[in-house]
Structures are given as C-alpha cells and as structure tokens.
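Here are a few exercises to work through with the model open beside you. Try each task before reading its solution.

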Amino acid sequence: MKKIYKFSKGFLPCAIISAVLIVFGIVGLFVKGINLGIDFKPGLIEEFKIAKDDLNVDAVRDALASIEGINVKELGTADERSFQVRTGISEKTEDRSLQAEIYNALAAAYGAENVEVIKEEQVGSQFSSSLAKKSIILVLATMLLIWLYATIRFHWDFALGSIIALVHDMLIMFTFITWTQMEFTTTVLASVLTIIGYSINATVVILDRVRFNMKNKELKSFNNILDKSLSETLSRSIITTVTTMFASLSLFFFTTGTIKDFALALTIGLLSGMYSSMFISSGFINLVRRNWKQAD
C-alpha cells in the first residue's frame, strides 16, 4: 500500500509563503518595475561584437558614458561575447544620428576595425502598445477557456482552485522577472503561457484522482481524500517536472540571449507549477469543502 503523506498540514504554511512572495513581487513592481523588452515599448536595440580580449560590460558602459539614456547588457559566453545597447526612440534615432554616435564612441575606444554591428531593431510606440494589449487579452482568454474546461469536467470550486494556482504561478514568475530585471520579451511571455498549459495539466491529474477518491467510503474527510490523492500522484508530479527541467536547464546552460531568459523563466515556472498544483489549488478546494462529509 502506498504511503499516505499529510499534505494537508502544509496548505496554510504554503499559502502564507506564497502570499509573502507575491507581496514581495508587488513591492518590486513599484521599486524596480518590469524591464520591458523592445517588443513592449518603443525603442532601439543594437548588438555589437567587439574584438578585444578581457572586455567586460562595465568598460563598454564607460565608453558610452557621454551618451544619455543608454542601457548596456552583456550577451553570450566568453568565446562569443557580444554587447547589447538599448535606448528609447527619439529624433536622433529616426535620423540615425544616435546610431552613428554609439558606433563612433565604440570605434574611438576600441578601434573601428574591432567593432561590428551584428543586429539592429527598432519598434515604434503604436506597435509596442498594440502588442502589449494583445498579450494581456491572450492571457485572459487562455485563463477563461481553462476555467470553462475545468468547470465542465469537474466542479466550480475545482475550477476556481485551478485558476488560483495558475494566477499564483504567473505572479511568482513575475516576482522573479521583476527582481532579477530579466528583460520581458515575447519569448519570456511564451514561457509564461507554456507554464499556464503545463500547470493546468498537472492540476487536472491531481483533481481527477481527487474525484476518483471521493467515491472511497473509507475516506471520511476531505483532508483524507486530498492526502491520499496527492500521495498517489506525487511520483508523477516529481518525475514529469524533473524530466521537463532537464530540457529547460539544457537550454539555459547551452544557449544565449532571449532563449536563455526563456529557459530560466520556464524553470522557475515549472517549480512553481508543481508546488501550486499540490498545495495552492488543493488548499483552496480544502478550504471550500472543509465541512464536506462522505455520504453513507
């Protein structure tokens, strides 16, 4: 007989921990803000390759110190290092005088023969605003469809517990994104949507087992049902999460740029998804059904 773990004892402590992390994320939103990528705000991004050994991002910032509103980020490994320079849209970017100013500053510091522009992107305010609105609509529509599916398949409290777990996962991911100042691009948004699908799948497996165990007359309280259901699906939850993390961690360690950010955000979401499926959604359902009794 499979060992039954008392998961129900962790519902309240986990809810408190999650609440603290989410509040921490909200504070970060006001203190640091979200580091929006060029997809979501108007701006210019240029990426440079500089053929100079032992060059670091601080040295590049110093070379561009005379230019206002410049943000510099180091990309890639030591063998394939490049530097991303980002700034807002202005008249100087429209007439390309700012691009020339950036290049000339780097060329003066490191030699024109050692500086190569490998990428340039520019997004206008109308496009970035439209993309942000569509992204919000996409996430809300996804949540609505998942809620409808869970309501039809299970019960309203099961469905609401699932949605609370999904919202929890997104807030935890945004807490991480905010405090690490990871650039929020469409690639990172894709990781958020991936976790929504992954997390609901893990939650549905648990809820399906809960529904099955509700027919067991030996389980008199809903705590007992949840403990048995979570214990029976524990190995599945761990194995599927760990095997998926093999892929996400491989991407994180062996890629660069936006894919690296995607992999890191995805890894955080995988851990949060497993945790929320077991403790957040189940804890909410347990709260709603705290007076539930097994029918004779």
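**Exercise 1. Which residues does L207 touch, not counting residues up to four places away in sequence?**

Before starting, note that this is a predicted model, where local features need pLDDT of at least 70, side-chain atom pairs count only at pLDDT 80 or more, and totals for chains, interfaces and linings use all residues. Residues are numbered from 1 along each chain as its sequence is written, and side-chain values use heavy atoms, with hydrogens and water left out.

Step 1. Find L207 in helix α7, residues 186-213; helices (H or I, at least four residues) and strands (E, at least two) are DSSP runs numbered from the N terminus.

Step 2. List its contacts, meaning heavy atoms within 4.5 Å: F154, F158, S162 and I285.

Step 3. Check the cover: L207 is buried, at a relative accessible area of 2%. Buried means under 20%, exposed over 50%, and partly exposed in between (1.4 Å probe, protein chains only).

Step 4. Add a distance: 9.5 Å separates the C-alpha atoms of L207 and A159, which are 48 residues apart along the chain.

**Exercise 2. Describe how strand β3 is placed among its neighbours.**

Step 1. Take residues 82-87, which make up β3. Since 6 of the 6 are buried, the strand is largely enclosed by the rest of the structure.

Step 2. Recall that side chains in a regular strand alternate between the two faces of the sheet. In β3, one side holds S82, Q84 and R86, the other F83, V85 and T87, and all are buried.

Step 3. Look for partners; two strands pair if DSSP finds at least two bridges between them. β1 (residues 43-50) is antiparallel to β3 over 5 bridges, with L44 opposite T87.

Step 4. Turn to β2 (residues 71-75), also antiparallel to β3 and joined to it by 5 bridges. Here N71 stands opposite R86.

**Exercise 3. Which helix has the lowest confidence, and which the highest?**

Step 1. Begin with the whole protein chain: its mean pLDDT (the predictor's confidence in each residue, from 0 to 100) is 83, and 90% of residues reach 70 or more.

Step 2. Go to the extremes. Confidence is lowest in α3 (residues 91-94), with a mean of 60, and highest in α1 (residues 11-31), at 92.

Step 3. Apply the caution: where pLDDT is low, the predicted coordinates should not be read in detail.

**Exercise 4. Is L144 buried or partly exposed?**

Step 1. Locate L144 in helix α5.

Step 2. Read its relative accessible area: at 49%, L144 is partly exposed.
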